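Hi everyone, thanks for coming. I'd like to walk you through one protein chain today, so have a look at the screen and follow along.

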Amino acid sequence: MGNDEISQEIQRMIDSGGSRISVARDPVNRPMIHHLCDALGDRNPIYLDPEFAAAAGYTDVIAPPGALQVWNMLPPGQNADTSTASQVERAYDLLRHGGYPNVVAVNCEQEYTRYLVPGDVLTCEERVEHISEPKTTKLGPGYFITTLTTYTDQESRPVGSMRFRTLWYANASEGTGDE
């Protein structure tokens, strides 16, 4: 598949509005909040002390906002069900098999609508938002692709979103075979 075909097929995916929806396997909970705070080295009492959180006007501790995406992540070593591959996975496969097998994260932008509290069960909807024109980078030729994941709670109220941009590229010395 040539460059034009890759970008056209991914643009069709974007235009179709297809997405993958997943529901967190566990609700937001204090033990995981504690583990996250330990991993991040964050001792903010609003995350750890229910009395402190209550004094700040919350019904319970709150989860660190930067951990928004962890509630819907698969366990390490477990892959998504390939029989229901999402538009995002299909776009990544097109790039990988189209001669751009290398990937590097470029940036991640998160927006938070409200704090998460124990008991929240998150649903996320992930879709491809943008594909760039072919680019020449120091790493090699490739495409920048942006995904958008929106998060809602158990009552379908928005709690946040995440845009994740990656560069899929061929090593500069290898080319894509499409020259």
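Let's start with a small puzzle: which residue just after α2 takes a positive phi? It's Gly-41, and its phi is about 70°. Keep in mind that what you see is a predicted model.

Okay, let's step back and take in the whole chain. There are 179 residues, and 37% of them are buried. The secondary structure comes to 5 helices and 6 strands. If you read from the N terminus, the order is α-β-α-α-α-α-β-β-β-β-β. Put a box around the C-alpha atoms, along the principal axes, and you get roughly 65 × 30 × 25 Å. As for contacts with a separation of 6 or more, 73% of them come from residues 24 or more positions apart. The accessible surface is about 10100 Å², and carbon and sulfur atoms hold 51% of that. On charges, we have 14 positive and 25 negative ones, and their mean positions are 2 Å apart.

Now back to α2, which covers residues 30-40. Which of its residues are buried? Those are Ile-33, Leu-36 and Cys-37. Looking down the axis of α2, you'd find these buried residues within an arc of 100°, so they line one face of the helix. Here's the bit of textbook behind that: an α-helix has 3.6 residues a turn, so residues three or four places apart point the same way. And what do the buried residues of α2 pack against? That would be α3, residues 45-48. Over on the other side of α2, you'll see His-35, Asp-38 and Ala-39, which are exposed.

Have a look at the start of this helix too. A side-chain oxygen of Asn-29 comes to within 2.8 Å of the backbone nitrogen of Met-32.

My last stop is Asp-60. You'll find Asp-60 in the loop between α4 (50-55) and α5 (87-97). Is Asp-60 buried or exposed? Its relative accessible area is 15%, and the cut-off for buried is under 20%, so Asp-60 counts as buried. What does its side chain make a polar contact with? The partner is the side chain of Arg-30, at 2.9 Å. If we leave aside neighbours within four places in sequence, Asp-60 is in contact with Arg-30, Pro-50, Ala-53 and Pro-118. Arg-30 takes us right back to α2, since that helix spans residues 30-40.

That's it from me, thanks for listening!

Key
Residues numbered from 1 in each chain as written. Predicted model: local features only at pLDDT ≥ 70, side-chain atom pairs only at ≥ 80, totals over all residues. Heavy atoms only, no water. Buried < 20%, exposed > 50% of the residue type's maximum accessible area, 1.4 Å probe, protein only. Helix = DSSP H or I, 4+ residues; strand = E, 2+ residues; numbered from the N terminus. Arc of directions from axis to C-beta. Contact = heavy atoms within 4.5 Å. Polar contact = N/O pair within 3.5 Å; in protein donor to acceptor, adjacent residues only side chain to side chain. Areas by Shrake-Rupley, 256 points an atom, 1.4 Å probe, with all protein chains shown as cover. Lys, Arg positive; Asp, Glu negative; His and termini not counted. Charge placed at Lys NZ, Arg CZ, Asp CG, Glu CD.
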